[in-house]
Amino acid sequence: MKQMSTMLFFWSLTFGACGQEWHTVDSSDGSRPDARHESAFTAVGNFLVLAGGRGIKPVNLFDPQYGRWLTGARTAMELHHFQGVEVDGVLWAVGAFTGGYPDETPLPHAWSYDPEGDRWRQGPAIPADRRRGSAGAVAVDGQIYIAGGATEGHRGGHVSWLDRFDPATGAWLRLKDAPRPRDHAALVALDGKLYFVGGRLSMAPDNTFRAVVPEVDVYDIASDTWTTLAQPLPNPRAGIAAAAYNGWVYVMGGESGATEAAFETVDRLDVATGTWQSAPPLRRGRHGTGAAVLDGQLWVASGSGARGGGPELDDLETLAENVPGAVTLPSK
């Protein structure tokens, strides 16, 4: 892995009336991630890992302790449209596409990336009749849940499937289908439930962006049952980043047919009441990336700044709570 030089790392955190605000994070040494979208952004160990995306790109790892980006191994093939999942210090890509728009192909295998060894590995085969890309994914107790997606790239084949994958054994278990299909959505785990939120029914070439899905479907792991929240996502959109943070489900960014620019919008769900609130917006609208929680902060990186494929972004933002006016991280 290519090591970067080390310097002091500063960024300003000035809070608004609600006590939160997004802030652009500059590296200590001028390093930046590769511009990319339809990629994953995931906390793995002590790193924020940016992986995959359109084209064949190296992994970028951000070290918050020293404020620098590192460059890791490239994927063996184009790997995109997946929600990255961490299990036991390893990043997993399950329910991903390869190939170009609009005829992307679902990958036949799960893939994993180990930051310690800086190595991609081909994982277990995915059952032929459960392969899809642009699926939501999340890990709970070492098991990976994969929801929705599409079997025919951006031309359709939307599914409502829910599966559970055991990365230790390669075993797959088919669970109860979600109430409705969707792709370009996110799956978030919180308090024994999975929140399937955002997304659309991609139908290239004429209706790729407009058929968004506003409903929020919730899966109870213990009872193997689905319900639908009474209150839909306030700003329906696809290509979102989503994460559980401080007891809320946060939905950030996204795209739709309503606007050419990617969304700066951030909505958060109170899971106790099933109601939504507006949260501070991103500094830069973006879609086609992920969200990560590390060191008590919420992070997003890269993605696309407008509906569709560009411009691809190479920046990093964070939302923090109860942090002093400035943060200085030590050099090593």
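**Entry 1: the pair at Ile-144**

I began at Ile-144, which in this predicted model stands opposite Phe-165 in strand 15. Going from that pair to the strands around it, I noted that strand 14, residues 143-147, and strand 15, residues 162-165, pair in the antiparallel sense over four bridges. I then looked up the sheet to which they belong, and found an open sheet of four strands in the order 13-14-15-16, with antiparallel pairing. The edges are taken by strand 13 (136-140) and strand 16 (172-174), and because each has a single partner strand, one side of each is left without a neighbour in the sheet. For the twist I wrote down that neighbouring strands of this sheet are turned by 20° against each other on average, with direction ignored.

**Entry 2: strand 26 and its partners**

Next I asked myself how many of the residues of strand 26 are buried. Five of the five residues in this strand, 297-301, are buried, so strand 26 is largely enclosed by the rest of the structure. I checked the two faces separately: Gln-297, Trp-299 and Ala-301 are buried on one side, and Leu-298 and Val-300 are buried on the other, so that both faces are covered.

I followed Trp-299 in both directions, since it has a residue opposite it in each of two strands: Ala-292 stands opposite Trp-299, and Trp-299 stands opposite Thr-318 in strand 27. The pairing of strand 25 (residues 291-294) with strand 26 is antiparallel and runs over four bridges, and strand 26 with strand 27 (residues 316-319) likewise pairs in the antiparallel sense over four bridges. In the hairpin of strand 25 and strand 26 there are two residues between the strands, and I noted there that Asp-295 takes a positive phi near 55°.

**Entry 3: the largest pocket**

I then turned to the largest pocket, in which about 630 Å³ of space lies. It is lined by 35 residues, and those closest to its centre are Gln-83, Gly-84, Ala-137, Ala-242 and Ala-291. Which elements give two or more residues to the lining? I listed strand 3 (39-44), strand 7 (85-87), strand 13, strand 17 (186-190), strand 21 (241-245) and strand 25. Strand 3 gives the most, with five residues. Two of the listed strands had come up in my earlier entries: strand 13 at an edge of the open sheet, and strand 25 as a partner of strand 26. Sorting the lining by class, I recorded 22 nonpolar, eleven polar and two charged residues.

Notes:
Residues are numbered from 1 along each chain as its sequence is written. This is a predicted model: local features need pLDDT of at least 70, side-chain atom pairs count only at pLDDT 80 or more; totals for chains, interfaces and linings use all residues. Side-chain values use heavy atoms; hydrogens and water are left out. Two strands pair if DSSP finds at least two bridges between them. Axes are lines fitted to C-alpha atoms, for helices over the stretch in contact, and angles run from 0 to 180 degrees between N-to-C directions. Buried means under 20% relative accessible area, exposed over 50%, partly exposed in between (1.4 Å probe, protein chains only). On a 1 Å grid over the protein atoms alone, a cavity is a set of points where a 1.4 Å probe fits but cannot get out, and a pocket is an open set with protein on both sides within 12 Å along at least five of seven lines; lining residues have an atom within 4 Å of a point. Grid points are joined across faces, edges and corners, and a volume is the space filled by probe spheres set on the points. Ala, Val, Leu, Ile, Met, Phe, Trp, Tyr, Cys and Pro count as nonpolar, Asp, Glu, Lys and Arg as charged, and the others, Gly among them, as polar.
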